Amino acid sequence: MNWFSRLSFKTRILSIVSLAIFICSAIAISGFLYFNNKEMHRGIIEKSRAIHLRLEAATHYVATQAGLPPIIERMKLKYKPGEEINKEDREAVLKQVPIVAAMKIGEKDADKDFYEFRVFSDEPRKKENQAQSDEMVVFNKFLKDETLTEYIDDNDKAITVYRPVRLKKDHGCMTCHGDPQTSPWSNGKDILGYKMENWPDNKLHGVFAVKTDLKKFVAMEESDNHLSPSTFLVIAIILGGALGIAIAAAIIKKPISTLNEIVASLDNSGTQVNSTSVQIASTSEELAQASHEQASSIQETSSAIDEISAMINSNADNALKSSASSQDSLHIAEKGKEVIGQMIVAIEDINVSNTEIMNQIENMNNEIKNIVAIIQDIGAKTTVINDIVFQTKLLSFNASVEAARAGEAGKGFAVVAEEVGNLAAMSGKAALEISQMLDKSVKTVEDIVVTSKSSIEKLVHQGKLKVETGTKIARESEIVLNEIAASINEVSKMIAEISSASQEQASGVNEITKAIGLLDQVNQQNSSTSSQSANAASELAAQASQLSEQVKRLVLIIEGA
Ligand code: HEC
């Protein structure tokens, strides 16, 4: 078959078409011959049956004409019993015998219709009608089965259709083949001088055979048509085959050139696909590599985010803790504020007390001033006493002077005047001493007042200053504590904000983690997809090279070697 593969596709198709036509023709011829033969056999059988029917119809017709009894009567008048009936009369009698008429018709058309007619019997009147051994086989079939009306012997050489011939009383058969007692000549013989067989009604006497020789029949058909069907078929097939091949060549001309173009473009595409798939493979590998790197960076990002998440969590924790401690601080600051408030109240109380003390001291000083005034009053009174003493002294001096003038008479008086002078001097002296003492005590009191006042004032002043300082400090402390409380509040708020921000951060980080997880998944998918596509691409490359090999083979097939 090597030579076949060297042929071009077109030649091959055409040779295949030719071969197919040849094979089809062979099948068609044999099929035609088979069916034709079968048809011919059936036709022959039908024709033979028609002949049989014609014979039977003739038998029936002649029998129903009932022409036999009058001619028998005529013969009986014309001839004596045992006398030989001349040929003409014999013919005339036989003409009226239904079966003979039938046999005549059968023989008459035999040549014209290319068949052989024969009647045979086991006990014939006519010697040549004696059944042969093979005919006896058929005869016995009909003998055995009374219902059998037809037997066909269909072999390669001839087709014979057999039908039984039975004697029928109403067909007048018994007139010659029946009871010898009914002999027209009363000698046991029939009208033609044959011995009557004494056969019963419906007895199988003979068999009609219509035989067609196939060779002769075919020859007849061919001579009729001048051209045998098989010859016609061969010629038709040769012409049809040639036409078919020509049509096939015309039909495949365009497809073949299209095929050539397709093959060329396939070859081209195959090469392109090959190079493209190689490119795809390398791109996919790069992609896979990139995906791999991306996966590792995602991994790193993920762990970083885990750390961040941990930090945020601890931030949130710390914020919570700070919030708690700032709350505590706030409480403490508020308590401090309360205490300072109490302290300020206490200091103000002290201040009030100080003022009261000052007032008391002032009162006391005033009392002391009163005392001094009283003392000074006493001093003034002492001056009066001094004046009285001076005048007394003056008076005593005047009295002594008077007493001295009065001389002796005045001597006693002079002594009293002296005494009064002495007493006045003594009172003067005492008044002086009192005055001095008063001055001294006033001075002492004043000194005491001045000293105590200044020292008390100093002390009170210092106390006042200290109270003021304390108050100021307490106020400042309050302000500071207020500020502290406010800032603690701020801090607390901020911590709360930090806490909520931390929570938001945490949830954000959660989202990010999820997103990264998703990203990781996608990336893994990408990675697997890209490695799959790399595999697919290399597979594609392999297939592309296979394809181009196949295309080369296709080129070889279509263009031939
Ligand atoms: C007039 C008398 C006559 C009658 C009626 C008659 N036959 Fe015959 N038959 C003959 C004679 C005579 C022959 C011999 C013919 C020959 O020699 O050609 C014969 C031959 C036959 C044969 C051929 C076999 C053989 O013996 O040689 C058959 C079959 C036959 N007859 C059947 C019938 C049947 C069926 C009928 C009734 C429809 C009938 N015949 C009526 C006289 C008669």
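1. Glu402 is partly exposed in this predicted model, its relative accessibility being 44%. Its salt-bridge partner is Arg405, and the closest N and O atoms of the two are 3.9 Å apart. Arg405 is exposed, at a relative accessible area of 58%. Both residues belong to helix 9 (residues 229-405), and because they are three residues apart there, about one helical turn separates them.

2. A second salt bridge is found within a helix, between Glu73 and Lys76, where the closest N and O atoms are 3.9 Å apart. The element concerned is helix 3 (residues 68-78); Glu73 and Lys76 are three residues apart in it, so the separation is about one helical turn. Glu73 is partly exposed, with a relative accessible area of 46%. Lys76 is likewise partly exposed, with a value of 35%.

3. The pair Arg163 and Glu56 deserves separate comment. The two residues form a salt bridge whose closest N and O atoms are 3.5 Å apart. Arg163 is located in strand 3 (residues 158-166) and Glu56 in helix 2, so this salt bridge ties together parts of the chain that are 107 residues apart in sequence. Arg163 is buried, since its relative accessible area of 14% falls under the 20% limit for that class. Glu56, by contrast, counts as partly exposed, at 36% relative accessibility.

4. Turning to the salt bridges as a set, the whole structure contains 18 of them. Glu402, from the first point, counts as partly exposed at 44% relative accessibility. Through shared partners, salt bridges also join five residues into one network: Glu46, Arg49, Glu56, Glu150 and Arg163. Glu56 and Arg163, discussed above as a bridged pair, are thus both named in that network.

5. Which protein residue donates to the iron atom of the ligand? His177 is the only protein donor, and its NE2 atom is at 2.0 Å from the iron. His177 is part of helix 7, which covers residues 174-177.

6. The surroundings of the ligand comprise 21 residues, of which the closest are Arg125, Lys126, Cys173, Cys176 and His177. Arg125 places a backbone N or O atom 2.4 Å from an oxygen atom of the ligand. For Lys126, a backbone N or O atom lies 2.8 Å from a ligand oxygen atom. Asn129 makes its contact through the side chain: an N or O atom there is 2.9 Å from an oxygen atom of the ligand.

7. A nonpolar patch on the surface is formed by Leu19, Phe22, Ile23 and Ile27, which together have about 430 Å² of accessible area. Ile27 is exposed, because its relative accessible area of 56% is over the 50% limit for that class. Ile27 lies in helix 2, which covers residues 9-65; Glu56, of the salt bridge with Arg163, is also assigned to helix 2.

8. Is Val138 buried or exposed? Val138 is buried, with a relative accessible area of 5%. The residue lies in helix 6 (residues 133-144). Val138 and Val207 are 69 residues apart in sequence, while their C-alpha atoms are 8.4 Å apart in space.

Key:
Residues are numbered from 1 along each chain as its sequence is written. This is a predicted model: local features need pLDDT of at least 70, side-chain atom pairs count only at pLDDT 80 or more; totals for chains, interfaces and linings use all residues. Side-chain values use heavy atoms; hydrogens and water are left out. Donors are N, O and S atoms within 2.8 Å of the metal (3.2 Å for Na, K and Ca); water is not among the atoms, so sites may look incomplete. Helices (H or I, at least four residues) and strands (E, at least two) are DSSP runs, numbered from the N terminus. Patches are made of residues with over 30% relative accessible area and no salt bridge: like charges are joined within 9 Å, nonpolar side chains (Val, Leu, Ile, Met, Phe, Trp, Tyr) within 5 Å. Accessible areas come from the Shrake-Rupley method with a 1.4 Å probe; for residues, only the protein chains shown count as cover. A salt bridge is a side-chain nitrogen of Lys or Arg within 4 Å of a carboxyl oxygen of Asp or Glu. Buried means under 20% relative accessible area, exposed over 50%, partly exposed in between (1.4 Å probe, protein chains only). A residue is near a molecule or strand if one of its heavy atoms lies within 4 Å of it. A polar contact is a pair of N or O atoms within 3.5 Å; within protein, one must be able to donate a hydrogen and the other to accept it, and residues adjacent in sequence count only if both atoms are side-chain atoms.
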